Amino acid sequence: MTAPGICLTFDDLFVESWYAARSVFDAFGARATFCVSHLHTATQGQIDGLRALQADGHEVAYHTRTHPRLQPYLNQY
């Protein structure tokens, strides 16, 4: 039997806060998905933080304002 777990997702571009929580994620063996919006406005420091989080085993995804593919996905279920 697989141990129960939780799903963590974070939106927008709060990379500094996410990066600061790395020790918490590591302490609990947690992995998260960071959904980034407005990546085109990210600073080099934020991009470096995202790369570090990804190297730690977290997922970095793109998040849009309109969710253009959300409705077809929801229609499947």
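**Exercise 1.** In which helix is Q46 found? Determine also whether Q46 is buried or exposed, and list what Q46 touches.

*Solution.* The model is predicted: local features need pLDDT of at least 70, side-chain atom pairs count only at pLDDT 80 or more, and totals for chains, interfaces and linings use all residues. Residues are numbered from 1 along each chain as its sequence is written, and side-chain values use heavy atoms, with hydrogens and water left out.

Step 1. Q46 is found in helix α3, residues 44-55. Helices (H or I, at least four residues) and strands (E, at least two) are DSSP runs numbered from the N terminus.

Step 2. The relative accessible area of Q46 is 9%. Buried means under 20%, exposed over 50%, and partly exposed in between, with a 1.4 Å probe and protein chains only. Q46 is therefore buried.

Step 3. Not counting residues up to four places away in sequence, Q46 touches L13, V15, E16 and T41. Contact means heavy atoms within 4.5 Å.

**Exercise 2.** Describe the sheet and the pairing of its strands.

*Solution.* Step 1. The open sheet has 3 strands in the order β1-β2-β3, and the pairing is parallel. Two strands pair if DSSP finds at least two bridges between them.

Step 2. β1 (8-11) and β3 (59-62) are the edge strands, each pairing on one side only.

Step 3. β1 and β2 are joined by 4 bridges. D11 has C35 in β2 as its bridge partner.

**Exercise 3.** Give the members of the largest nonpolar core, and find which element gives the most to this core.

*Solution.* Step 1. A nonpolar core is a set of buried Ala, Val, Leu, Ile, Met, Phe, Trp, Tyr and Cys residues joined through side-chain atoms within 4.5 Å. The largest one has 11 residues: L13, V15, W18, F25, A30, A32, F34, V36, A42, L50 and L53.

Step 2. Two or more residues each come from α1 (15-20), β2 (32-36) and α3. β2 gives the most, with 3 residues.

**Exercise 4.** Place F34 in its surroundings, and list the contacts of A32.

*Solution.* Step 1. F34 lies in strand β2. With a relative accessible area of 0%, F34 is buried.

Step 2. Leaving aside neighbours within four places in sequence, F34 is in contact with F10, W18, F25, L53, H58, E59, V60 and A61.

Step 3. F34 and Q54 are 20 residues apart in sequence, and their C-alpha atoms are 9.2 Å apart in space.

Step 4. With neighbours within four places again left aside, A32 is in contact with L8, F10, F25, H58 and E59.
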